[in-house]
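Please open the model in a viewer and keep the selection panel at hand. The tour proceeds from one selection to the next.

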Amino acid sequence: MKDVISVLDFTKTEILQIFELTDKLLTGQFKPNLKGKIIANAFFEPSTRTALSFASAALSSGGKVLGFASDESTSISKGENLADTIRMLDNYADCIVMRHKLDGSAKFASEIASKPVVNAGDGKREHPTQALIDIYTVRSLFHSVEGLTFGFLGDLRYARTVNSMLRILTLFNPKMVYLISPPQLRARLEILNELNYPFKELSDVRDVINEVDVLYVTRIQRERFLDEDEYEKVKESYRVDLKMIEGMKREAAILHPLPRVSEIDRRIDSTPQAKYFLEASYAVPLRSVLLNEVVSGD
Amino acid sequence: MKDVISVLDFTKTEILQIFELTDKLLTGQFKPNLKGKIIANAFFEPSTRTALSFASAALSSGGKVLGFASDESTSISKGENLADTIRMLDNYADCIVMRHKLDGSAKFASEIASKPVVNAGDGKREHPTQALIDIYTVRSLFHSVEGLTFGFLGDLRYARTVNSMLRILTLFNPKMVYLISPPQLRARLEILNELNYPFKELSDVRDVINEVDVLYVTRIQRERFLDEDEYEKVKESYRVDLKMIEGMKREAAILHPLPRVSEIDRRIDSTPQAKYFLEASYAVPLRSVLLNEVVSGD
Amino acid sequence: MKDVISVLDFTKTEILQIFELTDKLLTGQFKPNLKGKIIANAFFEPSTRTALSFASAALSSGGKVLGFASDESTSISKGENLADTIRMLDNYADCIVMRHKLDGSAKFASEIASKPVVNAGDGKREHPTQALIDIYTVRSLFHSVEGLTFGFLGDLRYARTVNSMLRILTLFNPKMVYLISPPQLRARLEILNELNYPFKELSDVRDVINEVDVLYVTRIQRERFLDEDEYEKVKESYRVDLKMIEGMKREAAILHPLPRVSEIDRRIDSTPQAKYFLEASYAVPLRSVLLNEVVSGD
C-alpha cells in the first residue's frame, strides 16, 4: 500500500486485516513502528481533532511530526500552488497526511509526491480513515458489519464522513440504509448511483428509529442555508434528543464523527446507545495501524 | 498526585519535596523521565511563554508534545463544548496541560479526563505552576520563604499569578504582605478573606519600598480601564524605575511572571534586585519535575 | 562556530567544509547528531517552507523542536520586547533558529542569547542558510562556483535571498553578474558597494539570456508598487516563460528560493534548465549539517 486516498482503494480483505491489527494493538499484541520517520501533518483546512489524532498516532508509534494547522500562515497564502507545496513536504517528511477543502486534492498530491499520501479528508466525498474508524466501531459492537440497518441523519450532501461511509458500506452488504435529511441536504445523486445496497430517502427519523442498528449523525451547518429561520427550524427537527430516540433498540448505536455542537443533546451521552465516544477512542489506534502500513520504521 | 489544579492542592511538605527535586535536577542529581509519554499542550488562551516552557520541560525529559496554541483554529471555534474537547485530548495524550480564560475550567477538565490535568493558568485565580516557580525563586534567594515581607504591585484584581501567590503564601507565614494597586485594581475580597497572614492595602509603593524583601510586579492592562487617560496616568505611576526603587534593600528581589511591557524600566535589569530572569530560568526545571510527578515514563 | 548570522561570517574554507559534509550526508557517509537537543523555531515572520525545513533537519538528526510560526499568538503581540523573548527561548532550547522582519535582529538576538542563534532570514539583507543552499546547488551542477555568469531577475531591492547571494558571491569570483530588475526594484547601493566582482544593471533579461549560467529568479510583490497597473505590467515582463528562455544555454540553471507564484511559468518545470526543485531538495540536508555545526548532540 502506498497511499490512502479513498475508502474504495481497499478491498474488504485489506480492511479486515487493518481491523485485526487494530484489535491486536488494543490488546498489546502489536506495536506499530514509525521509529525515525517524519509524518507531515498538512492541514490546509483546519481540523484539530483529526490533526491531533494523527499526531498522537505517529508519536505513540515512535515517529516524529511536523506540519501546519491551517493554510493561513503557509506559503499557500503567498499564492503558492498545491503542487509546489506538496513537493516541499515530499522533501521534508516520510509521509504526508493531508486535509484539503477541494475534492480530488489528495489524489492529485499522491501523483506528485514520491512519499505516501494519507487523505485526512478532502472535499465533500472522501474521509477514508474516518470511515475505517466508523466501520471498525460498528464491527466492535455488532461483531460483524453485514446485514445491519443504518440510518444517516443530518447533512448528507456536504458531510464527507457520510459520503465515505455510504461508499465503504458497498463492501458490507447492509440490510437497509435510511438517508434522513432535510430536502436541501439530500445525498448526492452521484453517490447514490454508486450504492449496491437497498436504501431509502426520508425526512423524519422517527419513521425508522425502531428499525436502525446504527444511527450516524452529522452536524447541520448554518452556512448551508440562505435563510436563518429555515436553518433554525431544520436544526431543531434534526436534533437527537431523548424523545427522538424513544423506541430505538437498546443494542443500537448512535455514532457521530465529532465535533458535535447541538445536534446531539448531551443527555444522550449517558444512554446505552451513545457510542460516539467509543468511536472517538478508536481514532488513534486505527490511524497508527494505517500509518504503519504506509511507512515502515527503521 | 493525579492533577495539578490549584496551589492549595499541595501541602507544604509536598511543595518542599518538589523544590528538592528541582534542586537535584539543577545539580544533575535527578532526571525526570517522561519517555514514551505524550503531553497535550491545550492552550485555549494563548501563552507562548507558558506553553513553550511546558513543551521544553516535556521534550527535555524524553516526552513528546502535541496540542494547540489558541482556540481559534480548534473545534472550539466550530462550537464544540469544553467537555468534548477534553475527552478528545484524553484519547490522544498521557497528560493534559491546559490554559483557559474561565475560572474553574481546569477543575472541570480534571473531572472529565482519566489522564492527569495540569492547570497552566485558568481564569483570574489559579496559575499553580507559576506560583511554585515564584516561591521556588524566593526560597533560592532567601533560603527560606518564612518571615519575609512581600509587596504586590500593579493589577491585583485580574492577575492570576498574584492571586495564586497570595494563596500559596498562606502556607509560608509571611511577616507582612503589602497590596499596592490603583483603586480599580484592588485585590478581590474573596481572596483577601482566605489570607491567614497580616496584609495591608495601599496605593503608593514608595511608602513601603524600604521594607519589602520581595516586590512582585504585574502588568496593568489597558482593557481594565474605561478611560485611556486614566490608564496612562495609572500605568505611569505603577511603573518600576530606578527612582521608584531608591531605598530598596540591596538584597531585596524584584519578581515578575513575564512578559513585561513597560511596567519595569529596562535599566532595572542590571540592578542587583532584578531577579525576574532568574525566576524565568526556573520555569523549565520546575515544570519538568511536576510533569514527572503526574506522569511516569516507561 | 557559535552563531550563523550572515553569509560573510563564513570563510570560503568553512563553506566548502559544510558542502563536503552535505555531500557525505547525501551519500550516507555522515549523520548529523542532535540527539537530546531542542531547537527553537522562532518565526516572528511566517515562513512555512523555511520553518518546516529546519524542523525536518532537526527531527531527522535526532533533535526535538518547539517554537512558533508567527508572532501573532506570541508574547510579542502583548508588547514584549525582542530581548525578553530571546531570553525566554534561551531558557527553553539549545539553539534558536529565527526569522524576523527587521534587519539586524538575528545579530541582536545572538548578543543576548547564550545559546547559538541561526538566522533563518532577517530584514532585507540576510538569509545565510538559503544562500548556502543556493551556492551548494550551483556547485553540485557546475562542480565549481568560480568563473560563472549569474543573472538575478526580479526584485533585487527587498529580496533577502538575492542580497545574501550577491554577498556570498564575493567569495567565489564570478565572471559577471547581471542585475536585471525594473527601476523601482534595483539593487541597493549599499550592497553594490560591497561587491568585488564585475556586475551590470539592466532591465531586459533577453539581452543576456544566452550568456548566463545561472538565472536566479525572485518574486515581485504587489506591495512594492503604489500603482496596480504598474505592478501588473512589471510582473508580466519579468515572468519567466518558454519564450523568455529561448537562447538560454542547455546546461544553464534556473534557480528560485521558492515559493513561486506566477513568476516562473509551470511549463518551465520540465525544461532541462529548471533546477529550483533540486535546489529545494538540498534545504534539509544542508540545514542539518549547519545545525550539527552549532549544536553537538549527546
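Why is helix H3 (residues 82–92) of chain A largely enclosed by the rest of the structure? Nine of its eleven residues are buried (under 20% relative accessible area with a 1.4 Å probe, protein chains only), so the rest of the structure largely encloses this helix. Helices here are DSSP runs of H or I with at least four residues, strands runs of E with at least two, numbered from the N terminus.

This is a predicted model, in which local features need pLDDT of at least 70 and side-chain atom pairs pLDDT 80 or more, while totals for chains, interfaces and linings use all residues. Residues are numbered from 1 along each chain, chains are lettered from A in the order written, and side-chain values use heavy atoms, without hydrogens and water.

Select H3(A) first: its buried residues include A:Leu82, A:Ile86, A:Met88 and A:Tyr92. At the helix start, a side-chain oxygen of A:Asn81 comes to within 3.1 Å of the backbone nitrogen of A:Ala83.

Next, select the interface, where 22 residues of chain A and 19 residues of chain B are in contact (heavy atoms within 4.5 Å). The two chains bury about 1800 Å² between them (accessible area lost on being put together, 1.4 Å probe, summed over both), 56% of it on carbon and sulfur atoms. In chain B, highlight B:Lys78, B:Asn91 and B:Tyr92, which lose the most area to chain A, together 31% of what that side buries.

Finally, display A:Arg49 and B:Glu80: they form a salt bridge (side-chain nitrogen of Lys or Arg within 4 Å of a carboxyl oxygen of Asp or Glu), with the closest N and O atoms 2.2 Å apart. Two salt bridges are found across this interface.

Methods:
Buried < 20%, exposed > 50% of the residue type's maximum accessible area, 1.4 Å probe, protein only. Polar contact = N/O pair within 3.5 Å; in protein donor to acceptor, adjacent residues only side chain to side chain.
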